[in-house]
Amino acid sequence: MSEAKIITRLLSDTPDDLRQAADLLRAGELVGIPTETVYGLAADALNGQAVARIFAAKGRPQDNPLIVHIAAVEDWAPLVQAVPDEARRLAAAYWPGPLTMILRRSGRVPAAVSAGLDTVAVRMPSHPVAHALIRASGCPLAAPSANRSGSPSPTDAARVMEDMDGRIAAVVDGGPCRVGVESTVVDLTGCAAGGRPRLLRPGGVTATQLEAVVGPVEIDPAVTGRLAEGVAAASPGMKYKHYAPAARVVIVRGTPEDYAAFVNGRAGQGVAALCFEEDRGALRVPCVSYGRRDDPASQAHSLFEALRRLDEQGIRTAYAACPSAEGMGLAVYNRLLRAAGFEVIDVNGQTTGS
Ligand code: TXA
Ligand code: MG
């Protein structure tokens, strides 16, 4: 039996269009929605069949759980079992915003959302359109990033269409995303027994910001490294090659001068630079820039779009200027490292990765 092709509607953020999007969500359909981090591929989180469609539309591995988006702190009550004090304090400080908390899940969360784990990821986004859609649909919304699995996350509606046209009911255009990389994921399930919060994925809320509210936070080794063979992933999403364009990306560590010399030494070999704005003048290869050198927020904002541009320009190998991994830079470094398949060249010495 051949499946009918879905016509994907592009909706705007007018009240009429938001009502249509909310109706679709209530009916178990998939809708691409803007959030302040990246666009999400949303479905009613309490409808197991709708959630299953998310995995099919993305080509997402079944063992990678989804984040449930809510519009008010009280909305977590039916989803979770025990809420440690640390979670309440983080919610008060950073919600609505780019922070996801892992908590023990209740029996109401369909197993598919949590990929069989006994926990659930919960986040309250700050984007007014996301907020309005959760309210209007009356459903908590399960939503992974709205890219085909493995590709860079989409930060505007046109990029969602590129990946999802014909696969989902609608995309709501809420303009470009402010943050540009996904939310910070912090696991609080150990706190009840006296354990520390654990950072599983860096994002728009930095480790220092978390520590200001809950004290010392452990950083999961997968944040800055490749998972060792045989080690279970605390956050299943961290084990996959991710955010990757078709182009080979190699991170080059060194001073701006080292970087320019390294890249220029390969001019004419079909390579390009994934550089900072300031590097452009010194480079003699095609450049795609991702923000300013000393401005991690600008890098986060541009990175995924820059990765997609590499492919549009048919670039086969891109040498990326290495970002600082401090503050918000940790989220940028974490994504770029995965886009590069962990391939890093240190101009003054060693090479790591594959
Ligand atoms: O900013 C964001 O978080 C975006 C927007 C749409 O909200 N969403 C997003 O979802 O990035 P996704 O599915 O692309 O990434 C969710 C990450 C994955 O690494 C997943 O493995 C992890 O969160 N995750 C989800 N539920 C989890 C759980 N119960 N335990 C551990 N990790 C979990
Ligand atoms: Mg994703």
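This report looks at two strands, S3 and S6, and at the largest pocket of a predicted model.

Residues are numbered from 1 along each chain as its sequence is written, and chains are lettered from A and ligands numbered from 1 in the order in which they are written. Since this is a predicted model, local features need pLDDT of at least 70 and side-chain atom pairs count only at pLDDT 80 or more, while totals for chains, interfaces and linings use all residues; side-chain values use heavy atoms, with hydrogens and water left out.

Let's start with the pocket (an open set of points on a 1 Å grid over the protein atoms alone, where a 1.4 Å probe fits, with protein on both sides within 12 Å along at least five of seven lines). The largest one has a volume of about 710 Å³, counted as the space filled by probe spheres set on the points, which are joined across faces, edges and corners. Its lining (residues with an atom within 4 Å of a point) has 43 residues, and the closest to the centre are Arg60, Asn64, Pro65, Ile67 and Arg201. Strands S4 (67-69), S5 (99-104), S6 (119-123), S9 (184-187) and S10 (198-201) each give two or more residues to that lining; strands here are DSSP runs (E, at least two residues), numbered from the N terminus. By class, the lining has 19 nonpolar (Ala, Val, Leu, Ile, Met, Phe, Trp, Tyr, Cys and Pro), 17 polar (Gly and the others) and seven charged residues (Asp, Glu, Lys and Arg).

Which strand gives the most to the lining of the largest pocket? That's S6, with four residues. S6 is also largely enclosed by the rest of the structure, because five of its five residues are buried (under 20% relative accessible area, 1.4 Å probe, protein chains only). In a regular strand the side chains alternate between the two faces of the sheet. In S6, Thr119, Ala121 and Arg123 sit on one side and Val120 and Val122 on the other, and both faces are covered.

Here's how the strands pair up (at least two DSSP bridges between them):

| Strands | Bridges | Direction |
|---|---|---|
| S4 and S6 | three | parallel |
| S5 and S6 | five | antiparallel |
| S2 and S3 | three | antiparallel |
| S3 and S7 | two | antiparallel |

Ala121 of S6 is the bridge partner of Ile67, and Ile102 stands opposite Ala121 too.

S3 (residues 40-44) is mostly covered, with five of its five residues buried. S3 forms a hairpin with S2, with six residues between them, and Ile33 stands opposite Gly40 in S3. Towards S7, Ala43 has Ala142 as its bridge partner.

Key: Buried means under 20% relative accessible area, exposed over 50%, partly exposed in between (1.4 Å probe, protein chains only).
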